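Please open the structure in your viewer and keep the sequence beside it. The stops below say what to select next and what can be found there.

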Amino acid sequence: MIIEASTSLGIVLSFFINNIKSGIGLLPVVFILQLLLSNSIFKIEEGFLSRFSNFVIASYGFEAIGTITNANKYPLAMLQDYPMITQTVDTLFLYEANHVLNCWISLLIFSVTMFFLSHLILEYMIYRRDK
């Protein structure tokens with residue numbers, strides 16, 4: 001599902017790219033935004049970015065992979081060096097079937113929306129070319 005949603009995002013973005021150089025320039029920006037807004041490096045808890053991170057494909061992929069592997073059961077490696085740090089259960093990785101299903105449904109909605117959007121953009125481009 002993650003690959004499907006990412007591919008559909010790439011298809012939509014490719015409609016706005018006119019040449020290879022601008023595509024290569026856009027690629028790191030999209031990857032960095034996906035990584036920063038996926039809640040994998042740090043949590044975004046409130047504000048505009050928290051609402052925007054709900055529309056990032058990587059956040060649902062990160063949640064799904066962490067849930068499937070039950071990431072909460074593994075101890076933090078830095079607990080050995082810093083015993084004063086306490087490990088808490090991350091709600092991002094609830095080890096429940098419903099949580100994984102919600103992530104997959106969100107990724108499916110992304111895929112369908114992006115493919116529908118790419119179809120509309122392609123139809124518009126064909127209409128504009130033939131006009």
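Begin by selecting Ser53, which, leaving aside its neighbours within four places in sequence, is in contact with Leu37, Asn39, Ile44 and Ser59. The model is a predicted one, and in it Ser53 has its place in the loop between α3 and α4. Is Ser53 buried or exposed? Ser53 counts as buried because its relative accessibility is 4%, which falls under the cut-off of 20%. Now add Ser38 to the selection: Ser53 and Ser38 are 15 residues apart along the chain, and their C-alpha atoms are separated by 6.3 Å.

From there, move to Phe42, which lies in the loop between α2 and α3, the latter helix covering residues 48-52. Phe42 has a relative accessibility of 43% and therefore counts as partly exposed. If you draw a distance from Phe42 to His99, which is 57 residues away along the chain, the two C-alpha atoms turn out to be separated by 20 Å.

Next, select helix α4, which is made of residues 57-68. Its twelve residues should span 16 Å at 1.5 Å a residue, and the C-alpha atoms at its ends are 17 Å apart, which agrees. Which residues of α4 are buried? They are Ile57, Ser59, Tyr60, Gly61, Glu63, Ala64, Gly66 and Thr67. With these residues highlighted, display the surrounding helices as well, for the buried residues of α4 pack against α1, α2 (20-36) and α5. Then step past the end of the helix to Asn70, which follows α4 and has a positive phi, near 55 degrees.

Continue along the loop between α4 and α5, where you will come to Pro83. At 65% relative accessibility, Pro83 counts as exposed, since the cut-off for that class is over 50%. A line from Pro83 to Ser6 joins residues 77 places apart along the chain, and their C-alpha atoms are separated by 39 Å.

The next selection is helix α5, residues 97-130, and one residue to pick out in it is His119. His119 counts as partly exposed because its relative accessibility is 43%. Computed along the sequence, Val12 is 107 residues from His119, yet in space the two are 8.9 Å apart, C-alpha to C-alpha.

Stay in helix α5 and select Ser111, which is found there too. With a relative accessibility of 3%, Ser111 counts as buried. Which residues does Ser111 touch, not counting those up to four places away in sequence? They are Met1, Glu4, Ala5 and Ser8.

One of these partners, Met1, makes a good next stop: Met1 lies in the segment before α1, a helix that covers residues 2-14. Met1 has a relative accessible area of 41% and is therefore partly exposed. Together with Ile68, Leu101, Trp104, Ile105, Leu108, Ile109 and Val112, Met1 forms a nonpolar patch on the surface, and the accessible area of these residues together is about 750 Å². The largest share of that patch, six residues, comes from α5.

For the last local stop, select Arg129 and Asp130, which form a salt bridge whose closest N and O atoms are 3.4 Å apart. Side chains of opposite charge can pair when their charged atoms come close. Both Asp130 and Arg129 are exposed, and a search of the whole structure finds one salt bridge.

Finally, zoom out until the whole protein is in view. It has five helices and zero strands, and from the N terminus on its elements run α-α-α-α-α. The radius of gyration of the protein is 19 Å, well over the 14 Å that the globule rule gives for 131 residues, so the protein is more spread out than a compact globule. Taken along the principal axes, the box that its C-alpha atoms fill is roughly 70 × 30 × 25 Å. Of the 131 residues, 27% count as buried, while the area that the protein exposes is about 9700 Å², with carbon and sulfur atoms supplying 68% of it. Among contacts with a separation of 6 or more, 64% are accounted for by residues 24 or more positions apart.

Key: Residues are numbered from 1 along each chain as its sequence is written. This is a predicted model: local features need pLDDT of at least 70, side-chain atom pairs count only at pLDDT 80 or more; totals for chains, interfaces and linings use all residues. Side-chain values use heavy atoms; hydrogens and water are left out. Helices (H or I, at least four residues) and strands (E, at least two) are DSSP runs, numbered from the N terminus. Buried means under 20% relative accessible area, exposed over 50%, partly exposed in between (1.4 Å probe, protein chains only). Patches are made of residues with over 30% relative accessible area and no salt bridge: like charges are joined within 9 Å, nonpolar side chains (Val, Leu, Ile, Met, Phe, Trp, Tyr) within 5 Å. Accessible areas come from the Shrake-Rupley method with a 1.4 Å probe; for residues, only the protein chains shown count as cover. A salt bridge is a side-chain nitrogen of Lys or Arg within 4 Å of a carboxyl oxygen of Asp or Glu. The radius of gyration is taken over C-alpha atoms; the globule rule is 2.2 Å times the number of residues to the power 0.38. Contact means heavy atoms within 4.5 Å. The expected span of a helix is 1.5 Å times one less than its number of residues.
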